[in-house]
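User: Please take a close look at the salt bridges in this structure. Which residues form them, and are the partners buried or exposed?

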Amino acid sequence: MTSERRASVRRATKETSVDVELVVDGKGLVQVTTGLPFFDHMLEQLGRHGGLDLSVTAKGDLSVDAHHTVEDVGLVLGQCLAEALGDKAGVRRFASTLIPLDEALIEVALDLSGRPYLAYDVPFAPDTPGLGSPPFDPQLAEEFWRAFVTTSGVTLHVVRREGKNTHHVVEATFKAVARALRDAVRVEGVGVPSTKGTL
């Protein structure tokens, strides 16, 4: 590796303030503070199992809703990944995995395509209780991944194969994306893996 693949991005709006630092080829060292303990736990899974060094500090209008904070963290993290990967020369590009967590089983496939797309089939009933305090609505996981792919330019498919426990299902999605991302960003060649010559 001739240069460290890393980036830091700050985003500030009337609703949130988000700072993210990312090292792609890290050791899974994670520091996260978003005001949503369950969301912090999920981002820790993403960093640890993705082999990413990740620092996230977010302050949002949680008294209104957790949506703004979760979405904006996704936007900033995706932007960090895009900047850290640069022209993506030599990356593996494609990856897929099946990850279990007890009764939950999540399938993920992704492509560092430069084309943002999310196919997310992880349904929850509208009245599913939130996780943690303040509560993290499990449906916000989809909003996080949609924001992430928008700025990272990743094509991401996430499917729940099995699962009843809400915590297990959401956590397995973060672990599965982490493992697939870890494989996809691995440098195994020299050129950009595309017939177009760019991603």
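Analyst: A salt bridge is counted here when a side-chain nitrogen of Lys or Arg lies within 4 Å of a carboxyl oxygen of Asp or Glu. The model is a predicted one, and by this rule it holds 10 salt bridges. Three of these pairs are described below.

The pair Glu4 and Arg6 is one of them, with the closest N and O atoms 2.9 Å apart. Arg6 has a relative accessible area of 45%. Partly exposed covers the range between 20% and 50%, so Arg6 is partly exposed.

Helix α4, residues 166-184, contains another pair. Lys175 and Glu171 both belong to this helix and stand four residues apart, about one turn of the helix. Their closest N and O atoms are 3.0 Å apart, which forms a salt bridge. Both Lys175 and Glu171 are buried. Elsewhere, Glu142, Glu143 and Arg146 are joined into one network by salt bridges that share partners.

Within that network, the bridge between Arg146 and Glu142 has its closest N and O atoms 2.9 Å apart. Arg146 and Glu142 both lie in helix α3, which spans residues 140-152, and they are four residues apart, about one turn of the helix. The relative accessible area of Arg146 is 35%, so this residue is partly exposed. Glu142 has a value of 25% and is therefore partly exposed too.

Technical notes
Residues are numbered from 1 along each chain as its sequence is written. This is a predicted model: local features need pLDDT of at least 70, side-chain atom pairs count only at pLDDT 80 or more; totals for chains, interfaces and linings use all residues. Side-chain values use heavy atoms; hydrogens and water are left out. Buried means under 20% relative accessible area, exposed over 50%, partly exposed in between (1.4 Å probe, protein chains only). Helices (H or I, at least four residues) and strands (E, at least two) are DSSP runs, numbered from the N terminus.
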